[in-house]
Amino acid sequence: MKTKSELIGLGLTEKKADEVMMLENAMLERAVKFSFVKKDGSVRDAVGTLDRSKMVQEDGSLWEPKGAARPDVPSLLKFWDLVAHSWKCFTVSNLVAVEG
């Protein structure tokens with residue numbers, strides 16, 4: 001989990017830091033629709049979660065961690081993409097909107 005001071009230290013405004021923290025907290029409990037700017041400048045709409053019970057792979061099985069977890073990168077927010085059935089991430093400063 002990212003802290004507000006950590007996000008503000010990355011140059012985010014207090015409002016943007018709150019939005020990122022709200023998104024991360026919401027994804028721990030449910031699927032959330034949100035948008036972010038990709039590296040190529042296009043906007044991507046995503047439906048993501050951090051709730052392991054919703055991490056279903058294309059073959060219908062639940063995702064299981066393999067090996068050691070990767071270290072957390074404070075400037076990135078990792079999420080399970082419910083459309084692509086895989087892990088994705090985006091730069092937290094590129095968050096555009098969160099629905100609901």
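**Close-up views of a predicted model**

**View 1. An aromatic cluster.** Phe34, Phe36, Phe79 and Phe90 come together as one aromatic cluster. Please keep in mind, here and in the views that follow, that this is a predicted model. Across the whole structure, a search finds nine aromatic pairs. One of them brings together Trp80 and Trp87, with ring centres 5.7 Å apart and planes at 85°, so this pair is edge-to-face. Are these two tryptophans buried or exposed? Trp80 counts as buried, at 1% relative accessibility, while Trp87 is partly exposed, with a relative accessible area of 35%.

**View 2. The largest nonpolar core.** Seventeen residues make up the largest nonpolar core, and Leu23, Met27, Phe34, Phe79 and Phe90 have the most contacts inside it. Which elements each supply at least two residues of this core? They are α2 (14–29), β1 (32–37) and β3 (76–81). Of the contributors, α2 gives the most, with five residues. A general point fits this view: in soluble globular proteins, nonpolar side chains tend to be buried together.

**View 3. The surroundings of Leu23.** Leu23 is among the core residues with the most contacts inside the core, which makes it a good place to zoom in. Setting aside neighbours within four places in sequence, what is Leu23 in contact with? The list is Val32, Phe34, Leu77, Phe90, Leu95 and Val98. Phe34 and Phe90 will be familiar from the aromatic cluster.

**View 4. The five-stranded sheet.** The strands of this open sheet follow the order β4-β3-β2-β1-β5, with antiparallel pairing. The edge positions belong to β4 (86–91) and β5 (95–98); each has a single partner strand, so one side of each is left without a neighbour in the sheet. From one strand to the next, the twist averages 40°. The helix α2 lies across β1, β2, β3, β4 and β5, and runs at about 55° to β5.

**View 5. Pairing of β1 with β2.** Six bridges hold β1 and β2 (residues 43–49) in an antiparallel pair. To follow the register by eye, start at Lys33 and look for its bridge partner in β2, Val47. As a general guide to reading such a view, side chains in a regular strand alternate between the two faces of the sheet.

**View 6. The hairpin of β3 and β4.** These two strands run antiparallel and are joined by six bridges. Leu76 has Thr91 as its bridge partner in β4. Four residues sit between the strands of the hairpin, where His85 takes a positive phi near 55°. What makes that phi worth a second look? Most residues other than glycine have a negative phi. His85, found in the loop between β3 and β4, is a residue other than glycine with a positive value. Its side is not fully hidden from solvent accessibility either: His85 is partly exposed, with a relative accessible area of 29%.

**View 7. A salt bridge between Lys2 and Asp72.** A search of the whole structure finds six salt bridges, and in this one the closest N and O atoms of Lys2 and Asp72 are 3.4 Å apart. Lys2 lies in the segment before α1 and Asp72 in the loop between β2 and β3, so the pair ties together parts that are 70 residues apart in sequence. Lys2 is buried, with a relative accessible area of 6%, whereas Asp72 is partly exposed at 44%. Thr3 is also found in the segment before α1 (4–9), and is partly exposed, with a relative accessible area of 41%. From Thr3 to Trp63, the C-alpha to C-alpha distance is 27 Å, for a separation of 60 residues in sequence.

**View 8. Charged pairs at α1, α2 and beyond.** Glu14 forms a salt bridge with Lys4, their closest N and O atoms being 3.3 Å apart. Glu14 lies in helix α2 and Lys4 in helix α1, so the pair ties together parts that are 10 residues apart in sequence. Glu14 is exposed, with a relative accessible area of 51%, and Lys4 is partly exposed, at 26%. Elsewhere, Lys54 forms a salt bridge with Asp51, the closest N and O atoms lying 3.2 Å apart. In that pair Lys54 is partly exposed, at 33%, while Asp51 is buried, at 14%. Salt bridges with shared partners also join Lys4, Glu14 and Asp18 into one network.

Methods
Residues are numbered from 1 along each chain as its sequence is written. This is a predicted model: local features need pLDDT of at least 70, side-chain atom pairs count only at pLDDT 80 or more; totals for chains, interfaces and linings use all residues. Side-chain values use heavy atoms; hydrogens and water are left out. A nonpolar core is a set of buried Ala, Val, Leu, Ile, Met, Phe, Trp, Tyr and Cys residues joined through side-chain atoms within 4.5 Å. Buried means under 20% relative accessible area, exposed over 50%, partly exposed in between (1.4 Å probe, protein chains only). Contact means heavy atoms within 4.5 Å. Two strands pair if DSSP finds at least two bridges between them. Axes are lines fitted to C-alpha atoms, for helices over the stretch in contact, and angles run from 0 to 180 degrees between N-to-C directions. Rings of Phe, Tyr and Trp (its six-membered ring) pair if their centres lie within 6.5 Å; planes under 30 degrees apart count as stacked, over 60 as edge-to-face and the rest as tilted. A salt bridge is a side-chain nitrogen of Lys or Arg within 4 Å of a carboxyl oxygen of Asp or Glu.
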